[in-house]
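Welcome! Here is a short briefing to help you find your way around this structure. Take a look at the sequence and the model first, then read on.

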Amino acid sequence: MAIDRRREAAGGGPGRQPPPAEENGSLPPGDAAASAPLGGRAGPGGGGGEIQPLPAPHPAAGGPHSGCSSAAAAAGAPSLLLLDYDGSVLPFLGGLGGGYQKTLVLLTWIPALFIGFSQFSDSFLLDQPNFWCRGAGKGAELAGVTATGLWDAGDVANWTSPPTTPFSTASWGAAGNLSNGSGADGGDTPPLPSPPDKGDNASNCDCHAWDYGIRTGLVQNVVSKWDLVCDNSWKVHIAKFSLLVGLIFGYLITGCIADWVGRRPVLLFSIIFILIFGLTVALSVNVTMFSTLRFFEGFCLAGIILTLYALRIELCPPGKRFMITMVASFVAMAGQFLMPGLASLCRDWQVLQALIICPFLLMLLYWSIFPESLRWLMATQQFEAAKKLILHFTQKNCMNPESDIKGVMPELEKELSRRPKKVCIVKVVGTRNLWKNIVVLCVNSLTGYGIHHCFARSMMGHEVKVPLLENFYADYYTVASIALASCLAMCVVVRFLGRRGGLLLFMILTALASLLQLGLLNSA
């Protein structure tokens, strides 16, 4: 009866229902009612309605249950003011206007250049060159080499008579280099016999050693190093696939770990191990070792990409996040455009791989520069560390703590005794709308990347030959330019139509483009 009287005094009856919990917000279903006494308005993710606070029970009326009531209140959710990070905590720190926040965001953009190098290195390390049987004969004599020159007897015995048609260097471009299968590129290597003008690679699979014409500016790449042609050509696809699979598993696993232990430990872990695995890739002794190490390189690369992305957007207010993310994408595209020049300077695939990985050494300094994500500390209720970080931000930005109009610091002081609360990714399943949106976006991403891969394969593959795009650099820069143009268009579309409108428009354009591409391929 005493419980019923307290309910009636609070404005409800026996049939009063608790307010519905947010599905996509920070409040789990069991904590919505517990946070109601703290009052306040629902956060940006809520439905916009106002939560009516219940009057606090009087100590006299509590009787022997007053201690239990205070314990239950302490075990409930923290203040809505602290949970509303975008509406209260971030504006108190100046949003993106603070100089310290701008410096941190700038530092998240710089590694995007190195990430772009790593992501597009497959086009150079694993490019499939033209090849022909190695040996000495009439073609070699025309090139200034005799059968009794620096070629050994095994090379002569392996030779199958080459076509006498001279090779047209126009289709190879200025950077088309000739490489032997053994990888010797010193001064004692003789000029190689001229390759056939329009020969078919499949017709050169009857011999046991080959010479290569590499189009990417390198003297030697992975394919020519281990003769990944003819019966071994399938190993090239495995090597390309290993980096992608490593990225997929890296996103899934490092994302869960970053939500559990924080962004900084995962970033440091990923940097250290990408240096280990990436540099070891350059020392691979066979293609199996190369593919295995590339998987772990992709795994660690995903950890770096994901943690930098999380740190970047958690420093920015919601209205700035899209453009901040797009700037990082443009920096990564700059790495894509600079990659051919880098390959031409390195000349060897091992030097190129080492040069791609070594800049990540500079990111070891990020452990002392970057603080932990304040948003993550608040979400996991680590208020003691959050208070220290807020004071650090105010000191760096030369702010006056008395400018705290909404009273963030007093509320934070009240919650210092609260125990940290780690959140597992499995709880996402219980949020219906968030889970639905994740599934829809995953399906869209799967479809989009699949169509993108088919489009790139149709342009750069061997099945369809476009006369204008038979040169490697024309292929490469055409794909890169299309990606750049699409990102610029996306910035404009999202500016006027919003994110959902832009997503719908690009889905329609992708469907129309895929149908048009299918029609062109069938008519070819």
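**Nonpolar cores**

- In this predicted model, the largest nonpolar core (buried Ala, Val, Leu, Ile, Met, Phe, Trp, Tyr and Cys residues joined through side-chain atoms within 4.5 Å; buried means under 20% relative accessible area, with a 1.4 Å probe and protein chains only) has 79 residues.
- Phe-290, Ile-304, Leu-352, Phe-360, Leu-374 and Met-378 have the most contacts inside this core.
- Helix 14 (residues 287-313) gives the core its largest share, 10 residues; helices are DSSP runs of H or I, at least four residues, numbered from the N terminus.
- Beyond its neighbours within four places in sequence, Phe-290 is in contact (heavy atoms within 4.5 Å) with residues including Leu-125, Trp-226, Ala-239 and Trp-349.
- A second, separate core has six residues, among them Met-326, Cys-487, Cys-491 and Val-494.

**A look at Ile-248**

- Ile-248 sits in helix 12 (residues 234-261).
- Ile-248 counts as partly exposed (between 20% and 50%) because its relative accessibility is 45%.
- Phe-299 is 51 residues from Ile-248 in sequence, yet their C-alpha atoms are 7.5 Å apart in space.

**Confidence**

- The protein chain has a mean pLDDT (the predictor's confidence in each residue, from 0 to 100) of 73, with 66% of its residues at 70 or more.
- Residues 1-74 have pLDDT below 50, and this stretch has 54 contacts in the model beyond near neighbours in sequence.

**How to read the values**

- Residues are numbered from 1 along each chain as its sequence is written, and side-chain values use heavy atoms, leaving out hydrogens and water.
- Local features need pLDDT of at least 70 and side-chain atom pairs count only at pLDDT 80 or more, while totals for chains, interfaces and linings use all residues.

Technical notes: Helices (H or I, at least four residues) and strands (E, at least two) are DSSP runs, numbered from the N terminus.
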